[in-house]
Amino acid sequence: MTAMNGRPGPSGPGSPAGSNGPALQPEIRLTTEWVARAMGGTARPGDPDREFNGVSIDTRTLTVGELFFAIRGERFDGADFAGAAIDAGAGGVVVERGRGSELRSADKGWPPFAVIEVDDAIVALQALAQAVRRASGTKVVAITGSAGKTTTKEVTGEFLAARYRVVRNRGNFNNHIGLPLSLIELRRRPEIAVVELGMNHAGEISTLVRIAEPEVRVWTNVGEAHLGFFQSVDAIADAKSEICEGATPATLLVANADDGRIAERISRFGGRVVTFGIDRGADVRATEVRGRGIDGTDAHIATPRGAFELTTPLIGRGNLANVLAATAVAIEFDVPLATVVERAAYLTPASHRGEVLRLSNGVTVIDDSYNANPTATKRALEVLGETRDRSRRVAVLGEMLELGERTSALHEDVGRAAAEAKVDVVIAVGGEPARALADAAVAAGIGRANVLYVATSDEAADAAATLIRGGDLVLVKGSRGVRTDRVVDRLKAEFA
C-alpha cells in the first residue's frame, strides 16, 4: 500500500474535529502462532514467536523475512516454489496440507524456518487479511464501479490525508488476491485505508466486502466493462450491488445519483446513503459545470456542509463525478470544505489515466491508455470536443475487450461519438471491432482519408509518428491488452 501522511485527526466517521488523533499503537506482530491461528492453519514444530516482516506470493519479488504463500493458480502450484522462496530468504512458507512434509529433511527433521499448513492457501491469505484488518482499528473505505475506481481512490486518499494517516492499495491490487495483500499492510495501523474492489464475475465483490468489512462504501457507476462475462449491463449492476452486503446501520454508502441502475439497487442497503451527482438531485451535487478541455473543469458544488466553487485540473465530467464522490467521503470524515477546494486545485491523474502530456511543437497528448470501455471512451472524446485552439483533434482508439455479443455495436457507437466530438483524424487499433469503429466514424462524417485502421499498437505508433503535426491534440485510449501505451511512448520520443 502507498501511504499518505496528513495531520492526524479524529478516529472515524462523524468524530468531532480536533488537532490530535489517537495515540500511535505498535504494529501488529505477524508471528507464526498469531498467523497460524488467524488462518486456521497448523504450524509445524518451531519457534511460535518467529516474526515475519510481511507476506509474498511471488519468489521474484520476495524480500528476506517475508512469509511466502504458496497459492495455486490455473497453470501453477505455488508449493512447487516453496524451496525457492526459502532460498530467497523467506521467514516461512504457507502450503496446503500434505505439502509441508516435502520441506522436511529425513536426517535433520523440520527446517529452522516456519512451515504452516492450511486447507487452501488463497483462503488462508484472505483469512489473515481479515484478521489484520480487524485488529488494526483502521477505518476502511472501499470503492467499486465500472469506471473511475482508481481515480476516486486517489482523490479520496488525497482529501483524507489532510487530517489522517491514510494508505491506499497500489495500482490494481483489487481482486481476491491483491486486496488481501493490501489489507495485511494495515498491520502498521493507519487511521484510514482507501481501497478499490474490482470484479469480472458475479460473487467477487461479495467476497471482497466480506474480507475488507468497509465502514464506507463508494459505488461510482455501472457500465459495459467486462460485459463479455455477463448477460447484460443489468447483470453487471447486480454484481456490483454486492457492495451493499453486510452493512450495519452505521455503514455509509456513497452512491452515484445520476446512474439509474445504482438508484434502483440501493434501497436494500442496510446503512446510511449519501448521493453525489451532476444531472440529478444529490447530497453532493455539481452545477454550472464548465469544461475547459485539457485544462480541467470548474463547477459550483453544493453539499450538506455548504457550497463552494471547484476548480480541478482533472479532465472531463467523469473525473468531476469522481471528485464529487471523494468529496462526499471527505465530508463524512470531517475534512473541511476549504481543504477540499485547496487540494482539488492541485490533483494529478494516475499514470495513463487521463494524463495531459505537453510535448514539443505544441503537440499535446491525453494519455488515457491504461484501459477502456465504451462509456469512458466517449467521455474522453467529449474532452477533445471541449478543447479549443488546436490544429487538429486526433483520436488513437484501441479495441475495447471483454464486451461479448455487443462488441461490434459498442465500437460503432464510439466511432459515431468521435464524429460528434469533431475529431479530425481517427486511428483505430485492434481486430474486427476496431475496424467497425473506423467504418462507423466514416459513416458518421469523418472523411475516409482521415480514418486509419491498423491491427497492432506498433503499427499505430508508426502511423501516429507520421501523421501527427505541430499543434495537434491527441487522445490515446484502449484496453490494456491492446497496449496503446506504446503509441504514447512513441509520441513522447518523437516530440521530446
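This report describes selected side-chain contacts, two buried residues and one pocket in a predicted model.

## Aromatic and charge–ring contacts

The structure holds 1 aromatic pair. Its members are Y164 and F333, arranged edge-to-face, with 5.8 Å from centre to centre and 80° between the planes. The pair links distant parts of the chain, its partners being 169 residues apart. Y164 belongs to the loop between helix 4 (149–160) and strand 10 (165–168), while F333 belongs to the loop between helix 9 (316–332) and helix 10 (337–344).

Y164 counts as buried because its relative accessibility is 0%, below the 20% limit. F333 also counts as buried, at 1% relative accessibility. A contact of another kind involves R353, whose charged end sits over the ring of Y370 at 3.6 Å from the ring centre.

## Surroundings of T32

T32 lies in helix 1, which spans residues 32–39. With a relative accessible area of 5%, T32 is buried.

When neighbours within four places in sequence are left aside, T32 is in contact with A43, D47, P48, R50, F52, A114 and I116. A88 stands 56 residues from T32 along the chain, and the C-alpha atoms of T32 and A88 are separated by 19 Å.

## Surroundings of S479

S479 is found in a loop, the one between strand 23 (473–477) and helix 15 (485–494). This residue is buried, its relative accessible area being 3%.

A polar atom of the S479 side chain lies 2.9 Å from the backbone nitrogen of L401. L401 is also one of the residues that S479 touches once those up to four places away in sequence are not counted. The others on that list are N371, A372, E399 and M400.

## The second largest pocket

The second largest pocket contains about 450 Å³ of space. Its lining is made up of 22 residues, and those that lie nearest the centre are N256, D258, D279, T375 and R379.

Several elements contribute to this lining: strand 14 (272–277), helix 9 and helix 11 (374–386) each supply at least two residues. Helix 11 gives the most, with 4 residues. Helix 9, a contributor to the pocket lining, is also one of the two helices that flank the loop holding F333 of the aromatic pair.

Technical notes. Residues numbered from 1 in each chain as written. Predicted model: local features only at pLDDT ≥ 70, side-chain atom pairs only at ≥ 80, totals over all residues. Heavy atoms only, no water. Phe/Tyr/Trp six-rings, centres within 6.5 Å; stacked < 30°, edge-to-face > 60°. Buried < 20%, exposed > 50% of the residue type's maximum accessible area, 1.4 Å probe, protein only. Lys NZ or Arg CZ within 6 Å of the ring centre and 35° of its normal. Contact = heavy atoms within 4.5 Å. Polar contact = N/O pair within 3.5 Å; in protein donor to acceptor, adjacent residues only side chain to side chain. 1 Å grid on protein atoms, 1.4 Å probe; cavity = no way out; pocket = protein on both sides within 12 Å on 5 of 7 lines; lining within 4 Å. Points joined across faces, edges and corners; volume = space filled by probe spheres on them.
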